[in-house]
Amino acid sequence: MKHVGNCFCGAVTIEVTGEPAAMGYCHCRSCRSWSGGPVNAFSLWKPEAVRITEGAQNVETFAKTPLSQRKYCKKCGGHLMTNHPPLDLIDVFTATIPTLAFTPGVHVNYAETVLPMRDGLPKLKDFPAEFGGSGEMMQE
């Protein structure tokens, strides 16, 4: 399966292939601030599944922490993806790849939520233990 997406102005085109490693929602303050919404929908991919196929010269990176290298279009400011080197995964904004059938499986950083969601999905206080978090579940 292949999905193609663009930044807001169309100057950057990205392609993801295969299936994401995970999909879900992040409620942390950083993701909320970066996405401009009360929650961020993510899709995690192995680096070899993500390619910038057009407009690479227009991609800028902002790294607030070593965990996240946020990539955006320098022409329009449209957000594209976040590279997570310690996890060996890339979070591609689900809105950037409109043909992806978003099927979330988890909420992460739910301890920081500003928008409680009662959808029956697992809600983790922070991250899964395998990603360095506590793995602690929270109640809806």
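Is Y72 buried, partly exposed or exposed? Y72 comes out as partly exposed, at a relative accessible area of 24%. Keep in mind that this is a predicted model. Here are my notes.

1. **The sheet.** Start with the open sheet, which has seven strands in mixed pairing. Reading across, the order is β6-β7-β8-β9-β4-β3-β10. At the edges sit β6 (59-65) and β10 (106-108), each with a pairing partner on one side only. Going from one strand to the next, the twist averages 30°.

2. **The β3 and β10 end.** Strand β3 covers residues 22-26 and runs parallel to β10, with three bridges joining the two. If you want a spot to look at, take G24: its bridge partner in β10 is V106.

3. **The annotated domain.** UniProt, in an unreviewed entry, puts a "domain: CENP-V/GFA" feature at residues 3-130. Over that stretch the chain is 41% strand and 5% helix. The C-alpha atoms at its two ends are 28 Å apart.

4. **Aromatic pairs, Y25 and F102.** There are three aromatic pairs in the structure. One of them is Y25 with F102, an edge-to-face pair with 5.4 Å centre to centre and 80° between the planes. The pair links distant parts of the chain, 77 residues apart: Y25 belongs to strand β3, while F102 is in the loop between β9 (89-93) and β10. Y25 counts as buried because its relative accessible area, 15%, falls under the 20% cut-off. F102, at 27%, is partly exposed.

5. **Aromatic pairs, W34 and Y72.** This brings us back to the residue I opened with. W34 and Y72 also meet edge-to-face, at 6.1 Å centre to centre with 70° between the planes. This pair, too, links distant parts of the chain: W34 sits in helix α1 (residues 29-35) and Y72 in strand β7 (residues 68-73), 38 residues apart. So why do the two partners get different labels? Buried means under 20% relative accessible area, so W34 at 18% qualifies, whereas Y72 at 24% is above that limit and therefore counts as partly exposed.

6. **The cluster.** Don't look at W34 and Y72 in isolation. Together with F62 they make up one aromatic cluster.

7. **A lysine over a ring.** Last, have a look at Y110. K123 lies over the face of its ring, 5.6 Å from the ring centre.

Note on methods:
Residues are numbered from 1 along each chain as its sequence is written. This is a predicted model: local features need pLDDT of at least 70, side-chain atom pairs count only at pLDDT 80 or more; totals for chains, interfaces and linings use all residues. Side-chain values use heavy atoms; hydrogens and water are left out. Two strands pair if DSSP finds at least two bridges between them. Helices (H or I, at least four residues) and strands (E, at least two) are DSSP runs, numbered from the N terminus. Axes are lines fitted to C-alpha atoms, for helices over the stretch in contact, and angles run from 0 to 180 degrees between N-to-C directions. UniProt positions are given in the numbering used here, feature names are shortened, and annotations may be inferred rather than shown by experiment. Rings of Phe, Tyr and Trp (its six-membered ring) pair if their centres lie within 6.5 Å; planes under 30 degrees apart count as stacked, over 60 as edge-to-face and the rest as tilted. Buried means under 20% relative accessible area, exposed over 50%, partly exposed in between (1.4 Å probe, protein chains only). A charge sits over a ring if NZ of Lys or CZ of Arg is within 6 Å of the ring centre and within 35 degrees of the ring normal.
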